[in-house]
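Trainee: I should like to learn how to read a ligand site and the sheets of a protein model. May we work through an example together?

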Amino acid sequence: MQRIYLDNVATTKVSNEVLTEMLDVLGENFGNPNSPHSFGRDAEAVIDLARDRVAKVINADRGEIYFTSGGTESNNWALYGLAMANRAKGNHIITSKIEHESVLESCKRLEKMGFKVTYLNVDKTGLVDIAELLHYLDQDTILVSVMAANNEVGTIENLKAIAKIAHEKGVLFHTDCVQALGNFKLDVKDLDVDAMTLSSHKIHGPKGVGALYVKHGVKIDNLIVGGEQERGKRGGTLNVAGIVGFGKACDLLLNNYIVDCKKMKYLRDYFVSSLEKSVANITVNGHAHQRIPGLASVTFQNVDGEALMCLLDLAGISVSTGSACSTGNKAPNYVLLAMGFSSEEAQSTVRFSFSITNTKDEIDYVVEEIRKATDKLRAMSPIKMTKKKV
Ligand code: PLP
C-alpha cells in the first residue's frame with residue numbers, strides 16, 4: 001500500500017541536503033561551540049554560518065538571531081521575556097484567540113503573574129479584528145502578539161497594519177511565523193516587527209530547533225537561565241546538528257521558495273477543485289486569497305472528522321483533524337470555534353497540508369479515497385442529507 005503524507009503543517013520530511021550537513025556535524029564536528037579549542041572553534045564556525053543563513057532568510061542581522069529548541073520555546077520566551085522586561089511601562093498584552101497554544105498558555109501564565117491580557121476576536125475567515133485592536137490598545141499596553149499565518153486554516157494576518165498600529169502607540173510587536181516561513185516572503189525590516197518566532201521542522205529541517213529574532217535594542221528578559229550561551233540570553237549547550245540543519249533548510253528556502261510555493265499552491269488548488277467535483281456538501285475554510293499555499297482545511301457536512309481521518313489512515317493517507325500538538329484532545333478545535341464554527345462543524349473538519357514532495361497522482365488517489373470514505377460515513381449517519389449536486 002502506498003503511503004501519502006498530507007500533514008506538512010504538523011511537520012515536514014527532512015530534506016537530503018539538510019541531512020547531509022547534519023550528519024557531518026553529528027559524526028566529526030562534535031565539539032562544543034563554547035569551548036576555546038579547535039574542536040570548539042569548528043563547531044562555532046558552523047553555528048555562525050547557520051546564524052547567517054537564518055538571518056538572511058528574514059533579512060535580519062546575525063546578532064538578532066537567538067537559537068532555541070523550537071517554536072514553542074521561542075513563543076514562551078517572547079511573551080515572558082518581553083512582558084517582564086517592560087513591566088515598568090505597563091501590564092497589558094494583546095493577542096488573538098487563534099494563536100498557537102504556546103502563545104495562549106504563555107498569556108495565561110502571565111495573567112496569573114498579574115498581567116492583563118486581551119484576546120482579540122477573528123472573523124469567519126480567521127482575520128484578526130483590527131478595529132478591536134485599536135479599541136483595546138491603551139497606555140498600559142506593552143506588547144501585541146499576533147501570528148503571521150494560522151496553523152489550522154492557513155489565513156495570513158495583516159501583519160504590516162498590526163505592526164504599524166502597535167508602533168504608533170509605542171507598543172512592541174511579536175509575531176509567530178512558524179507557519180509563515182517558507183510560505184511567503186518574511187522581511188523583518190519591511191514588516192517592522194520587534195520579535196519573530198521561527199521553527200525548523202516546518203521547512204524540511206530537523207525537529208527540536210528554532211529561533212527567536214529580537215530586533216537590536218529591544219529588551220527581553222531570559223527565559224532559560226544557567227549559561228552564557230547565545231550572548232548571555234539563553235542558557236544551554238547548543239544543539240549544533242539541529243542548528244546546522246535549520247540553517248541549511250533556510251538556505252534552501254532562500255533559493256527555492258518562490259518555485260516551491262507555486263508548486264504547493266498548484267497541488268492544493270488541484271486538490272480542492274477535484275474534491276469539489278467528487279464530494280458534495282463540503283466547505284473550504286480560511287481566507288480565500290490571504291492563505292498559505294500548501295493548506296486546505298475542509299469541512300465535510302455530516303461526517304465525523306476523526307472517523308474520516310482514521311479511514312484515510314487505513315488507506316495509507318495521513319491527514320489531521322487539528323494541530324498535531326493537541327492530538328488526543330477531543331474537544332472541538334478552538335481556532336474553528338473562534339472563527340464562528342459550531343462544535344459539529346469543527347468536528348467535521350479535516351486539514352490537508354501539502355509539500356513539494358507530493359504529486360498530482362497522489363492527490364487523485366486521495367480524492368477518490370475521501371469520496372469512498374465520506375460516502376460510507378454519511379450512509380451510516382442517522383442524519384440524512386438532501387444530496388446537493390457536486
Ligand atoms: N506556532 C505555530 C503556529 C505552530 O503551528 C507550531 C507547531 O505546530 C508552533 C508554534 C510550535 O512549534 P514547535 O513545534 O517548533 O515547537
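The dialogue below takes up the ligand site and then the sheets.

Mentor: Please keep in mind throughout that this is a predicted model.

Trainee: How many residues surround the ligand, and which are the closest?

Mentor: One begins by listing the residues that have a heavy atom within 4 Å of the ligand. Here the ligand is surrounded by 14 residues, and Thr-72, Asp-176, Gln-179, Ser-199 and Lys-202 are the closest. By class, the shell comprises 9 polar, 3 nonpolar and 2 charged residues.

Trainee: Which helix supplies the largest share of the shell around the ligand?

Mentor: That is helix α3 (residues 71-85), with 3 residues.

Trainee: Which N or O atoms of the protein should I examine beside the ligand's oxygen and nitrogen atoms?

Mentor: For polar contacts, one looks for pairs of N or O atoms within 3.5 Å. In the side chain of Asp-176, an N or O atom lies 2.6 Å from a nitrogen atom of the ligand. The side chain of Ser-199 places an N or O atom 2.6 Å from a ligand oxygen atom. Gly-71 contributes through its backbone, where an N or O atom is 2.8 Å from an oxygen atom of the ligand. As for cover, the ligand taken alone exposes 390 Å², of which the protein buries 90%.

Trainee: In what order do the strands of the 7-stranded sheet run, and what is the pairing?

Mentor: Strands of a sheet pair through backbone hydrogen bonds, in either a parallel or an antiparallel sense. In this open sheet the order is β2-β8-β7-β6-β5-β3-β4, with mixed pairing. Because β2 (65-68) and β4 (116-120) stand at the edges with a single partner strand each, one side of each has no neighbour in the sheet. The average turn between neighbouring strands here is 20°, direction ignored. Within the sheet, strand β7 (residues 195-199) pairs with strand β8 (residues 210-214) in the antiparallel sense over 5 bridges; Ala-195, for instance, has Val-214 in β8 as its bridge partner.

Trainee: Which helix lies across β5 and β6?

Mentor: Helix α6 (residues 159-168) does so, running at about 155° to β6 (172-176).

Trainee: What is the pairing in the sheet of 3 strands, and which strands stand at its edges?

Mentor: This open sheet has the order β9-β10-β12 and antiparallel pairing. Its edges are β9 (282-284) and β12 (349-353), each with a single partner strand, so one side of each is left without a neighbour in the sheet. β9 and strand β10 (residues 295-300) share 3 bridges, and Val-284 has Val-298 in β10 as its bridge partner. Helix α8 (residues 240-278) lies across β9, β10 and β12, at about 15° to β10.

Definitions and conventions. Residues are numbered from 1 along each chain as its sequence is written. This is a predicted model: local features need pLDDT of at least 70, side-chain atom pairs count only at pLDDT 80 or more; totals for chains, interfaces and linings use all residues. Side-chain values use heavy atoms; hydrogens and water are left out. A polar contact is a pair of N or O atoms within 3.5 Å; within protein, one must be able to donate a hydrogen and the other to accept it, and residues adjacent in sequence count only if both atoms are side-chain atoms. Accessible areas come from the Shrake-Rupley method with a 1.4 Å probe; for residues, only the protein chains shown count as cover. Helices (H or I, at least four residues) and strands (E, at least two) are DSSP runs, numbered from the N terminus. Ala, Val, Leu, Ile, Met, Phe, Trp, Tyr, Cys and Pro count as nonpolar, Asp, Glu, Lys and Arg as charged, and the others, Gly among them, as polar. Two strands pair if DSSP finds at least two bridges between them. Contact means heavy atoms within 4.5 Å. Axes are lines fitted to C-alpha atoms, for helices over the stretch in contact, and angles run from 0 to 180 degrees between N-to-C directions.
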